[in-house]
Structure formats: C-alpha cells, structure tokens
Amino acid sequence: MQDIQYIGEHLLPGRLGHFLILTAFVTALLAILAFRKKVTHPDDASWLRLGRIAWGIHSFSILAVIGLIFYIMVSQMYEYQYAWDHVSADLPMKYIFSAFWEGQEGSFLLWMFWHVVLGSVVVLTAKRWEPGVMTWLSMIQLVLVSMIAGVYFADDFRMGSSPFLLLRDTMQAPIFNNPNYLSLIEGNGLNPLLQNYWMTIHPPTLFLGFASVTIPFCFAMTGLWEKEHTAWLKPVMPWTLFSAGILGLGILMGGAWAYEALSFGGYWAWDPVENMSLVPWIVLLAALHGNFIARHTGLSIRTTYIFYILSFLLVVYSTFLTRSGILGEESVHAFTEMGLEWQLVGFIFLFLLSGIYFLVSRNKSIPVVLKEEQIQSREFWMFVGSMVLMFSAILITFSTSIPVWNKLVDVYGSLMGKGDMTPYHKAMPLDPIDHHNRFQLWNAVLLSIISGVGLLLRFGAMGWAEYKPRFLKHVGTSVVLGLGVAYLFSLWIELPSWQYIVLLIAASFGIVSNINYMINFAKGRLTSMAAAFAHGGFALMLVGIMVSGLNKRTLSENRFAQEGLAEGLDVGNNAFLIKDLPMYMNNYWVTYKSDTLEGLTRKYEVEFVKVNESGDTVEHFTTHPNILYDRELTKVATANPNTKRYLDRDVFTFISGLPPEQQDRANLEKIDSSLDYKLHFLAPGMTRKVGSYNIRLDSILLGTNHREYDREEDDLVLSGIVTVTDSAGTRSEKIYPTLIVRKGLLYSLTDQVNDFNIRGRLKASALDSLFPMDDKLAYEPLVIKSGETKTWNDLALTLQGIDKTIDHPNYRSMEGDIAIQAVVSIKGKDNKTHIARPLYFIRDGSPLNMKAYVPDIGLHMKLERIDPEKEEFHLYLARLSDTPLLPLEIAQDAPRNDYIVLEAILFPGINLFWAGSLIMLMGMFIGLYKRLRKT
Amino acid sequence: MPILILALMAAGVIMLISASKDMSTYSTFSQVKRSGETSKVVGVLAKDKPMYYNAEENPNLFRFYMTDQQGEVHEVTLQAPKPQDFELSEQVVATGSFVGDEFVASSILMKCPSKYKNEEVLVRSNM
C-alpha cells in the first residue's frame, strides 16, 4: 500500500499531544515515588521538592493537552477524530466547551483537570499530610492518564483511547485514498440535545464533585498507611464538606437540566446513570457523619475509613457503569463504549484491593473505644443515620447493577462452558420509580427523624441527667408542631397511602425540629447552624418531592378517559390542538396560537386561559415550547419543553407530536403522492364542483401569495388564486398552489384548506402551457402611440404612457443602462382590465427588451422598438390560446397540517424541592466556611 | 449496639429480598403471553410492517410491529404519541403485557444510532 501524501493535515499538534500525555504519565509515576519517599524519609526535604516539581510538570502537561485539543477543535482540524466527532462548521463558539467534554476522552481530561487544581490546593494547604495525600492522588491520576494514553501493546492490546488520533486511523473508508480528503469532509458536530447552557455548566460541576471525592479518600489511605488514625480526621473535614456540597450541586444541576430540557417531565427518573452519581454522594455523607463521631468521641474510626474508601470506589464504579456500555439496554444516558472495560475494571480492583489490604493490615492499630454508645448520645443517632444512608446506597446500587450481574453470569457461563446464559439474565424493575420510592421512602422517614432528634442530643450524652427535661421538651414541642405542620401540608398535598402520611409527618418534624434548633440552640450564630440548614433543607426537599411528585397532574389528559366514555385504550397524556381552536382541558382553555421560525428553531405559542363560573379570566399565561431542526432545515432534531413558573407551581409544556410533513421533508413527497388527486382545467373565473365544495380559479399569477414562499433571485413563480367554498356557501377560503423554477429545478408548493381536507396542486405542465418558450410563440406587430387605443384580436389595448421606474422582476440594472417600461392597459371580452409593462432598455449601445406576460389572458407582449420622431411604440403580441387553462389538481383526502400534539403537566410546589435541596447544600457550605475560618 | 446492628442488617436483608422480587426478565412474546404477567420484550422494529399513528384521531395511540429475539413478529400497542425517528431505531425494549391477543406496552425504550452515536430515548405513556 503506497504511502499517500495528504494535503492540509496539521500533524504537529497531535504529535505534541501524544508526547505531553506520555510526559503526564511519567511525571505522575515520578510524583508517586517522590512523595512516597518523603513519607518514609520525613526529614529529607529534597524528596518533597522533587515530588512537587514532578506534580508541577504533570499539571502543566495536562493543561497543555487540554489547550491543544481546544486549539484543534476551534481550528476545526477534522484530520483529528476528536474534532471531527464533536465539532462542525456551524457550531456556535459558546458550545465549544460542551463539545470538548461531549466525548469520553474529554470528560476524562476534565476529571484530571480538576485533580490538578485540587492537587495544587493540597500542596499549598495540607502541610504534614501533603506527601501522603499526594502519593495517592498521583496514583489515581496515573490510572486516569492511562485511560487516554492510546498506547498499543502487541498489535491488539490497547491501553486507553487517545484524543489525538487521526480520523483516518480510526476508520476505514475509501475517502482516505484521496490525498485531498480534508477538503471533502465536514464535522459531525455536537448532538443538538447537548447544545444548551446546561451542557456547559453541569459536567464541570459534576466532575469537580467526583474529583473532590478523591481527596478525602487520599487522606483516609494516608492515615491508614502511616498508621496515624486520628490526626487526619480534622484536616479532611473541609474537603469532605466541599465535596458533598459540590457533588450535590452537580447532581441537582443534572435534575434541573432534565426538568428544563427533556421530554420526560420531571427531575429524577431513577435512571441508572443518575443513581450511580447519587450513591457516592450518599456514602460520602455517611463518611462525613462517621468523621464527626470519630472526631468528637474517638468511636467509629474504622467505619469512617470504610465509608471514605467506599465513596471513592463507588465513583470509580459509577464511571465504569457509565463508560463501559454495560447499561446499554437500560439507561437513557448510554454513552458509546470505548473498549476500556478492562481498564475500568482494573481501576476499581486496584483501589479496592489497596483499601482492603490496608484496612486489614492496619486493623489492629486502629484505636477502638470500648465504651458502649449510649442511646441518648448524639453519636449513637449519627451512627444509626450513617447506617440508614448506607442502606439506601446499597439498595440503589443493587437494583442499578443488574446489568453487571448479567455480565458476571455470562462470564461464569463461558468459563464453565455452559453456553448461552441469557435465560439467567435479569432485567431492571418494570417501574423503576415505584420500585425505588417504595424503599427510599422509609430511609427518608428514618433520616428525617434521626437528623431532627440527633441534633438535639450531645456527644457522649454529656450532662444527660440535667439536660434530659430540656431535651424532652424540645422533642415534644417539635413533634406537636410537626404534626400541626403536617396537617397543614396535608390540606395541600394529596396523600395516596398511609406510607406517605408517615413520610409527611417525619418531614414536617424534621423541618420544625431544625428551625427550633436554629432559634433556641444556635441562637442566631450562622456557623452553628450548618447542620440545621442541611437537615432542615433535606426535610423541606422531601416535602417538595412529595407535593410535586404525588400531586403532579397531566393537564393534557384525554377527555374521554376522564369521562369514562371509552375503555382501555383511550387513556392518554397528550392533547391534539388545532391552530386557533381552543380546547378545554382540566379547567383551562388551551389554544395553539402561532409558530415562528427563528434560525433553526421553530417557536410555538400556546395560550392557557382559566375562567371562573362568572366568566372572568382568573389565570392567563403563554408558554413557548419549541422544535429544533437539523442544519438543513429538513428534519426535526429535537423538541424542547417550556415551563410557566409560578411561586407555588409550574406548568410544563412539551410538543410531543407534529404533522408528519413538518417532522421530515421527506414525508412531504411520500404523503402527497399517496393522495387521490383529480385533475381539473380551469380558466380564470371558472368554477368546478369537487365533492361537496366549489372550487373557483380567481386568477393566475406570475408570483404567489403562498405564505411559505421565500423569494430568491431569478425565481420563476407561477401560482393560481383559488377560492374554495363549502356547499352551503357559508365558508370560503383561498389557497395558492404554486410552481417555482429555481436554478433549473422545479418545485411545487401545495396549499390546502385544513378544515375541508382539500389540497390543491399545480401540474408541471402548467409551465409549458402557460409559460411557453418564446420560440413557440408567433408574434404579431402592433404599432401604437401614447394615449391611443387599438384592437388586437378581441382585446382593446391602450398605451397609457411610459414609466421610468422599472419593476420588471428579471431586470438587473447596470451602469449606463437607459431603461423604460411602457404601461399598456388591456381590456378583454369579460371587460376585466389588465396591465402589461413591457421593458425596453439600451445597454452598451444595443437595444434590448424584456417581455411582459399577462397570464390571465395568456398574452405575451414585447416592446421592441421606439420611434421617437413619430412617437410610435412598436409592440409585438403573441397568444397561445384565447383562454389559458390552469391544470389544477385537487385532492379531498389531505391530512391536516395545522396542529400540534401537546403534553402539559402541572407540578405543584416544585419550588419547595429546589429550595429545600439548595438550603441543604448551603448547610454544607456553611460548615465548610466555619472550618476554613478557623484555620 | 450489636443487637442494633443485627437488627439493621436483618432489615436490610429483608429489603434486599423484597427489592430483588421487583426484578424482571427479558422475555419473548410467547413467554409473556403464557405467563400472563407484565414483562420486557427485547427486539427490533419490523420495518416491513405498517406503523399506525393518526394524531387527529387519537394522539395517544401508536401501533407498530416488533420482532422478538425468537423471531416472532407481533403487533405492539403503545398509549403515547409516536416517538421521534422511531423508524431509525435499532433496538426496542417494550414493557407490557397481553390483553387478550393484543400486546399493550406501558413504555418503550428505543436505541437510535443516528450520527449522534448510541443514544437512547425512553418513551413512557400515562405513568
């Protein structure tokens, strides 16, 4: 195979990039060794220096790699597979970040980037812990670099997937035999579902959350390795709070994105990828609480170690599930596989085994307090709470890991030679929402109660004897007030079963108890309220989940289902709305009012009006769901919802269906050719009866009134103005079937009256008969003077004068042109007057003319010569037939094209969910602030 | 304390057992018909067979034919609008049960290749 010299490729960035990745790999390895040496030789400062230098070079390499990839993407170097896959010529620059982390290599780099940032903070702040923590961080970073290394072992075996691969190395295609292939290819572009601001902010926040889980893990492993089992518990705390806050925020953003942009109508679907981002967060919270207990009482150190290690392992497990493609049949988030499964599994096992090794080998040295935890102590309840959190995490992981179970079953089967193991496969629960809610409800109940009570207790049950009455008073008050609040909520929230009543009471108790703490115990000191905010926010979030979830109501429900008229199959969540026809649904009059095309997006206007018994408007709002088309404006790419937000509720609207012809241009042809057209020849003024309708051709136009026509230069346009009237004569509508000749191609624009199902179309032969080639015409001369009237055949022609303003559609004026138009009025047999304006002009000394054409009478007129002395105008007239006939095809079975299928959902109280979760996260950040202020 | 831990573990085991009962299996049409229960049928859209969706008549009724993993072709009724680009789907997972001779799906999950890589769309109806 001869070597092809490719034109236009920029190979330097790729080569530089490869080199930088290898540098990052080697320096990470060096950092591990150097930092570790510092740990074992604490007095030797040179190891620390070496470690920091290695880490510094490593950080620089990672940043440089990221910079190179951005450079490649912004410059649209499609010779690189990564650029080709995620960028296109029309991609707005604001989405370049989204394009960067759309791919797996990019998201790995984003993860590594955050590690670089956090690592620098560790170097600057961790003091005595720096060498140990950096050793572990460098190890993790080494594994991550290997994911993008793209190094081949022995032909088949690949470690990592490099972002600098050339497109022609990743796929076989005949185009690569062409040395000039670069000029022929276009970028793939960013998935339209990801072209929004969420894709710009959610991944970096979420990945910062994931990356920040690494640091507490590194602290834990350092404590274990160096057998310093208590000292690390203090410096790690700010990291844990930061991580829990940011990761929580990232997860919440994912929910907000789903709610705002996806069609499913909600913020959480218990989708496997969602679940696996939540689980590490839950376990991290368990670790946080274990950490509190360990610091204040010396208890639960081993448990805290286990929780921190698990939280990190779960982040790695979560990335494995997401990237390996193993969730292929179960998740809406399924990304493409990269062939990295074995590396990801290796990643998990490497750190799982390290964790187990160190836990086991250091077990004896971990201090264990022999005193029993008292039930009236804070640590007892925090421990129970951590257990409940672990429960919750285990349950979620269990259900979400079914595809892993299936894979293990397959591996077992192939090892044992048992053949096809698919009968042993399990699938996810049929209704994941119901499945998870059933169990997590009880976890939520317990957590609300525990977090409310726990805060009222003290570590080590200090001074219990004197404190007990006060404790009982506060718990008692909170219970009573909590019941009151629950009762008030129950007036608003419909609770379908007793379990939800229990949850509501528990959540109300949580809210009241934490507010009580803030008033009576924290006494207005913000920094003492961190836990109360976090716990109270959580409880409020639960109320928000209940009201927006349980009371969620589909406004666009099928009426017949409500009226119980039709059985079984007539249930439905979507409404069929005809333009300008209000439809009554669930107390609202809903109207699809209009739609406008802005760029690639068509914005629809849907109006909601609520009227009370006296007929007054009580509520009135409009939403604007939209449809995004693909680049060529031929097909719908995706639909975006739009939500009307009130303080106490949201109305979510989404277009779930459009006429097939509007979904895809290809359907235009398909459907049109399936209709039953009948051909009619009509002269202007003629009427025909079609079915129960009367069709009348008002006139023939060189141009059109069709609302979908956009004029382009040099278009030749022919249309008919057709009036369609119903048999009773009560209603008539006009349609404008049109033919367009543009750049040598013929286009047909049909037009229809939706309510009559009548569609009109012009036959292509209309052009031949009504717009014949000039050489087929026999011109006859007619000499006429200004103001004169002359007869030609059955027409009376009057030359009214001349006009220096030229309006001939085909005329392009050039410098030096002298041009005039003659204005000729023509009166035919029917006494209708038409005007013709033939054009005459002199260019470069030569006389030229452009004819005028009056389609209604089929008259062609040229002004060929003007005799200025005699003031005579030499006209030439031609006519193919006396009465031009327009070949008009009419179909009576045209499907409507003026509707939308709309889904509208009411979410009461959803702001309680957002508020509650934000308050919860704020609590964590207040805790972080409190600890940072101290240091 | 140990008693508490044991109690919690027992509760945990009970919950896990209960959770595992919710697990479903992938079935074929004939298996679902025989069992009479709700299950998931994995297969592909039968592109040579007609699809029925008329928004004007009923925006919440969509009918199509699906071939399961044993090769049996059967009609599926979904009480939701026709999903975007359904014709392009490479794989369909229909969750539902038989009502008489009709397979009624409460939700379908389809895998659409397109140029946007393996992306999936989950369509649910009246949940």
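This passage walks through selected helices, strands and a surface patch of chain A in a predicted model.

Local features are reported where pLDDT is at least 70 and side-chain atom pairs only at pLDDT 80 or more, while totals for chains, interfaces and linings use all residues. Residues are numbered from 1 along each chain as its sequence is written, chains are lettered from A and ligands numbered from 1 in the order in which they are written, and side-chain values use heavy atoms, with hydrogens and water left out.

Two helices make a good starting point. Helices (H or I, at least four residues) and strands (E, at least two) are DSSP runs, numbered from the N terminus. Helix α2 (residues 45-74) of chain A has 30 residues and reaches 43 Å between its first and last C-alpha atoms, close to the expected 44 Å; the expected span is 1.5 Å times one less than the number of residues. A:Gln76, which follows α2(A), has a positive phi near 55°. In helix α13 (residues 378-400) of chain A, 23 residues should span 33 Å, and the end C-alpha atoms are indeed 33 Å apart. Of these 23 residues, 19 are buried (under 20% relative accessible area with a 1.4 Å probe, protein chains only; exposed is over 50%, partly exposed in between).

Turning to the strands, two of them pair if DSSP finds at least two bridges between them. An open, antiparallel sheet of chain A has four strands in the order β22-β31-β30-β29. Strands β22 (780-785) and β29 (852-854) of chain A are at the edges with a single partner each, so one side of each lacks a neighbour in the sheet. Within this sheet, β30 (residues 859-867) and β31 (residues 872-879) of chain A are joined by eight bridges, and A:Arg865 stands opposite A:His874.

Strand β27 (residues 839-843) of chain A has four of its five residues buried. One antiparallel partner is β25 (residues 818-827) of chain A, over four bridges, with A:Ile820 opposite A:Tyr840. Another is β28 (residues 846-850) of chain A, over five bridges, with A:Phe841 opposite A:Leu848. Two residues lie between the strands of the β27(A)-β28(A) hairpin, where A:Asp844 takes a positive phi near 50°.

Finally, what lies on the surface? A:Val479, A:Leu483, A:Trp498, A:Ile501 and A:Ile505 form a nonpolar patch there, together offering about 450 Å² of accessible area. Helix α17(A) gives the most to the nonpolar patch, with three residues. A:Val479, found in α16(A), counts as partly exposed at 37% relative accessibility. Patch residues have over 30% relative accessible area and no salt bridge, with like charges joined within 9 Å and nonpolar side chains (Val, Leu, Ile, Met, Phe, Trp, Tyr) within 5 Å. Accessible areas come from the Shrake-Rupley method with a 1.4 Å probe, and for residues only the protein chains shown count as cover; a salt bridge is a side-chain nitrogen of Lys or Arg within 4 Å of a carboxyl oxygen of Asp or Glu.
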